[in-house]
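Hi there,

Here's the structure I said I'd pass along. Have a look at it first, then read my notes underneath.

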Amino acid sequence: MNRHIAIYPGSFDPFTNGHLDIVRRGLEIFDTIIIAVARNSEKNSLFSIAERIDMISRLIEHDPRLKVETFDGLLVDYAVSKGARVILRGLRAVTDFEFEFQMAQMNHTVCEQVETLFMMTAPECAYLSSSIVKEVGRLNGDISQFVPPLVRDELLKKFGHN
Ligand code: PNS
């Protein structure tokens, strides 16, 4: 197994500056980060998987150390198939902890060789979530400080505010 590959999994509906912060800092530690969009997150999502992949691809195209893919089934099986030993997750606040704790324990029980590594979100992103950004965007609030410009444009299009 290659110890320098990390999987950064999530729904990313859509990708925010908080996600970007984790990826940027993760690149200080890992050689390659695979941003893995969970296929099971399509239900009740604003953006289709294809739309999310397209946006993330455009955001990371300048950096060959970053890749974006989708995955089905168990995250740990996907990680092993990619030769990755680490699942990277951002942790914002205490409220994230219970779900993340449960997921990390379960993943480690199912597959011992894969570790979950948490990074504390930057303070300026600590309150950010894809859901809250969608809510503000839907109500025509200014979301430009929360998401990259191309995501902002796609959100505005979705909500018919452009
Ligand atoms: O961005 P999210 O929605 O918090 O990401 C959650 C995600 C996609 C990481 C999680 O739902 C997941 O890993 N799904 C894949 C299925 C799986 O392996 N489930 C067991 C984990 S306990």
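Below is what turned up around the ligand and in the empty space inside the protein.

Keep in mind that this is a predicted model. Let's start with the ligand. The space it takes is the largest pocket, and the shell around the ligand counts 14 residues, with Gly10, Ser11, Leu75, Arg89 and Met103 coming nearest.

Three of those have polar contacts worth pulling up on screen. The side chain of Ser11 has an N or O atom 2.5 Å from an oxygen atom of the ligand. With Leu75 the backbone does the job: one of its N or O atoms is 2.7 Å from a ligand oxygen. For Arg89, look at the side chain again, where an N or O atom sits 3.0 Å from an oxygen of the ligand. On its own the ligand has 550 Å² of accessible area, and the protein covers 73% of that.

As for where the shell comes from, strand 1 (2-10) and helix 4 (94-110) are the elements that give two or more residues. Helix 4 has the largest share, with four. Sorted by class, the shell is made of eight nonpolar, five polar and one charged residues.

Then there's the enclosed space. I get one cavity of 30 Å³ or more, and its volume is about 30 Å³. Its lining is Ile87, Arg89, Glu100, Met103, Ala104, Asn107 and Thr116. Helix 4 turns up here too, giving the largest share of the lining with four residues, while strand 4 (84-91) supplies at least two. By class, that lining has three nonpolar, two polar and two charged residues.

Cheers

Terms used
Residues numbered from 1 in each chain as written. Predicted model: local features only at pLDDT ≥ 70, side-chain atom pairs only at ≥ 80, totals over all residues. Heavy atoms only, no water. Near = heavy atom within 4 Å. Polar contact = N/O pair within 3.5 Å; in protein donor to acceptor, adjacent residues only side chain to side chain. Areas by Shrake-Rupley, 256 points an atom, 1.4 Å probe, with all protein chains shown as cover. 1 Å grid on protein atoms, 1.4 Å probe; cavity = no way out; pocket = protein on both sides within 12 Å on 5 of 7 lines; lining within 4 Å. Sits in = over half its atoms within 2 Å of the grid points. Nonpolar A, V, L, I, M, F, W, Y, C, P; charged D, E, K, R; others polar. Points joined across faces, edges and corners; volume = space filled by probe spheres on them.
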